[in-house]
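Here's a set of exercises to work through with the structure open beside you. Try each task on your own, then read the solution.

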Amino acid sequence: MANFSISLGFVDYLIILSYFVFALLIGVILKNIGSKSVRAYFLSDSKLSWWLLGTSMAATTFALDTPLRIAGWTRMEGIAKNWEDWVFLLGALFTSFFFSKLWRRTNVLNDAEFINLRYSGKPAAFLRGFRALYMGFIMNMLVIGVQLLAIAKIGALLFGITSASPNYELWKWGIAIVSGVTALSYCYLSGLSAIIYTDFVQFFLSLAGAIILAYFAVNHEAVGGLHGMVEHFKLYDPDKLNFMPPLKPAGIGKISLLVVIGYSAMRWWTQVYGGAEPGGQAHIAQRMLAAKTEKDSFFSTLWSSIASFGLKPLPWIITGLATIIIFPVASFSNHEEAYLATVNFVPTGLKGVVVASFFAAFMSTVDTRINLGASYFVNDFYRPFVDGTRTEKHYVKVGKAVSVAQILVALCMLFIVDNMRSFFYIYAGIGSGAGLVYILRFYWWRISAWSEIAAMSAALVCVIIFRWGVYGTDAEFTNHGFEYMFISFFAVTAFWLLVTFITKPTTPEKLKAFYRTVKPGGPLWRPIANELKAEGIKSPDNLKVAFVGWLFANPMIFGILFGVGGLLLGNVTNGIIWIGVSIVSGLITRWAVMHIADDK
């Protein structure tokens, strides 16, 4: 039970209501645009600009629980604990420089249809249908359920309703239903078009809410501003302010330099992780496919990485640090709720903006999942396997019906589940070790549908064995994530490589058709590329330039985060050094970006 209660004023409620009305109006305004065809409903006819798409990607990865998790990590172990997330920047940028243009060339509707473009035969049909129903539709629906559970609990606290309040369960249900139905409504009416435009506003509203919260938390009388907060930690716990982790491990499950090096070397490309999958999948692939040009696809993913890793984390981190002083850990053990408790320090009016930002974060995740789940069901199960003879409007109607069904089923989870935190660990575990397949399927002709089936199966078996057999509890499974990453990678990779070489490859005709469409670069497509030389077909991509861009874009973005963070948190020398690193890296990155953007 929360040991605080938030109080809202009339103006706050008016601001929150205005946000809900705005979201609904966007759906109504764009209704005619989104309902013309399946491609219009799920991809906005692939006519969107990079700045809209990139902001939408950043908004979608900004889930409701993200600020709470980041602030909670900061309370527990300090700033350096956030390397658990930061290592995925390498994967996000890898997608930008090596995959964003390739995805746009495929011209498919989603990553499940990509399977049909890339592979041949019955294994490809099975894999497409399986991904559409299980990984795409059912798992997607579970994510929606998690978010509904989160908004039920967090929303009740934001409205001042605790578990001891009368009609607590009724409030939880009401908040979940109203929030979920609002997100469903504009998705139902206009599809991806409404999602992209609401995401654009949701991102800046969520960022504004985080900054407002950080400002008033830091200026609380117990903290005494940024200077007072920095002096407190310098005196009592200076390690909390370090962006870099300690050299020596501090214990099982604790962050250290060794863990960061290991994660940086492997985690971002071996593990499938929502929003930063190696090579791009799910909603990231959907956004790249919705871009009007290859250049827009590239710039959208690059901007998303800058926004997600360079701009968003600092306000959450600063608030998390302030809560350590305001709510000492000994008296306030729920690290994530401490972040919510700071809402009380915000004056009426601005408090409404902060609370609305939480609902915006919820909708920016759920709206995409609703649309994407419907896309998988309609395009990759219903149309190819059930009824492929109907009109475009019929399939749009089916997509809308599936959208409603997803929310209804997800809401039912509130009846049977009270805590779904473990779902995230299992979801991440299912994809652990399989990431290399999703990279190589674009860059190596020998990857087949059997490779993906083997990788998915082996990863699932690994997570079952280690979660329920070896470790036994969520806490143990999570604490041994570093070791599990290496074990799962070698086990899963060995299995799918073995399966790849003992099964038949994709047919030459399919491989040639794929190469003609996507034109992937690199030496691992040479046998196919040599056969197509007579047709004058070759890859336009310069992978050496892409590598330079990827290599320097990482310190450019980390330099923004660590530089601004250092200046704000009293380490001026380090801040200036990191800003310098960001500028120099940015100049080299710009050179690579201009070459990549100009490739024809």
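What follows is a run of exercises on helices, contacts and backbone angles in a predicted model.

**Exercise 1. Helix H13 and its length**

Task: Work out what span helix H13 should have, and check it against the distance between its end C-alpha atoms.

Solution:
- Step 1: H13 covers residues 225-236, which is 12 residues.
- Step 2: The expected span is 1.5 Å times one less than the number of residues, so H13 should span 16 Å.
- Step 3: The end C-alpha atoms of H13 are 17 Å apart, which agrees.
- Step 4: Now look at what H13 tucks away: its buried residues are Gly 225, Met 229, Val 230 and Phe 233. They pack against helices H12 (192-218), H17 (313-326) and H28 (543-568).

**Exercise 2. Helix H11 and what comes after it**

Task: Do the span check again for H11, then find out which residue just after H11 takes a positive phi.

Solution:
- Step 1: With 23 residues at 1.5 Å a residue, 33 Å is expected for H11.
- Step 2: From first C-alpha to last, H11 reaches 34 Å, close to that value.
- Step 3: Pick out buried residues along H11; among them are Tyr 168, Lys 172, Ile 175, Tyr 186 and Cys 187.
- Step 4: Step just past the end of H11 and you meet Gly 191, with a positive phi of about 65°.

**Exercise 3. Positive phi without glycine**

Task: Asp 45 and Asn 167 aren't glycines; find where each one sits and how exposed it is.

Solution:
- Step 1: Start with the background: most residues other than glycine have a negative phi.
- Step 2: Asp 45 has a positive phi of about 60°, and phi of Asn 167 is near 60°.
- Step 3: Asp 45 lies in the loop between helix H3 (38-43) and helix H4 (50-61). Asn 167 lies in the loop between helix H10 (121-158) and helix H11 (168-190).
- Step 4: Asp 45 has 23% relative accessibility, so it counts as partly exposed. Asn 167 comes in at 54%, so Asn 167 counts as exposed.

**Exercise 4. Two helix pairs**

Task: Decide how H15 and H19 are oriented to each other, and then how H22 and H23 are.

Solution:
- Step 1: The axes of H15 (residues 282-289) and H19 (residues 350-386) come within 10 Å and cross at roughly 80°.
- Step 2: Angles from 65 to 115 degrees count as roughly perpendicular, so H15 and H19 are roughly perpendicular to each other.
- Step 3: On the H15 side, the contact uses Ala 282, His 283, Gln 286 and Arg 287; on the H19 side, Thr 368, Arg 369, Asn 371, Leu 372 and Tyr 376. By class, the contact of H15 with H19 has three nonpolar, four polar and two charged residues.
- Step 4: The axes of H22 (residues 435-443) and H23 come within 9 Å and cross at roughly 170°. Therefore H22 is roughly antiparallel to H23.
- Step 5: Val 437, Tyr 438 and Arg 441 of H22 meet Ser 451, Glu 452, Ala 455 and Met 456 of H23. The contact of H22 with H23 splits into four nonpolar, one polar and two charged residues.

**Exercise 5. Glu 452 and Ser 206**

Task: For Glu 452 and Ser 206, say whether each is buried or exposed, and list contacts beyond its sequence neighbours.

Solution:
- Step 1: Glu 452 sits in helix H23 (residues 449-471). At 0% relative accessibility, Glu 452 is buried.
- Step 2: Leaving aside neighbours within four places in sequence, Glu 452 is in contact with Tyr 119, Leu 127, Arg 131, Val 437, Tyr 438 and Arg 441.
- Step 3: Ser 206 sits in helix H12. Ser 206 has 4% relative accessibility, so it counts as buried too.
- Step 4: Not counting residues up to four places away in sequence, Ser 206 touches Phe 62, Ser 357, Ala 360 and Ala 361.
- Step 5: Zoom in on Ser 357: its backbone oxygen lies 3.3 Å from a polar atom of the Ser 206 side chain.

**Exercise 6. Far along the chain**

Task: Find how many ångströms separate the C-alpha atoms of Ser 488 and Gln 271.

Solution:
- Step 1: Ser 488 is in helix H25 (residues 481-502) and is buried, with a relative accessible area of 0%.
- Step 2: Ser 488 and Gln 271 are 217 residues apart along the chain, and their C-alpha atoms are separated by 9.3 Å.

Terms used: Residues are numbered from 1 along each chain as its sequence is written. This is a predicted model: local features need pLDDT of at least 70, side-chain atom pairs count only at pLDDT 80 or more; totals for chains, interfaces and linings use all residues. Side-chain values use heavy atoms; hydrogens and water are left out. Helices (H or I, at least four residues) and strands (E, at least two) are DSSP runs, numbered from the N terminus. Buried means under 20% relative accessible area, exposed over 50%, partly exposed in between (1.4 Å probe, protein chains only). Contact means heavy atoms within 4.5 Å. Axes are lines fitted to C-alpha atoms, for helices over the stretch in contact, and angles run from 0 to 180 degrees between N-to-C directions. Angles under 35 degrees count as roughly parallel, over 145 as roughly antiparallel, 65 to 115 as roughly perpendicular and the rest as oblique. Ala, Val, Leu, Ile, Met, Phe, Trp, Tyr, Cys and Pro count as nonpolar, Asp, Glu, Lys and Arg as charged, and the others, Gly among them, as polar. A polar contact is a pair of N or O atoms within 3.5 Å; within protein, one must be able to donate a hydrogen and the other to accept it, and residues adjacent in sequence count only if both atoms are side-chain atoms.
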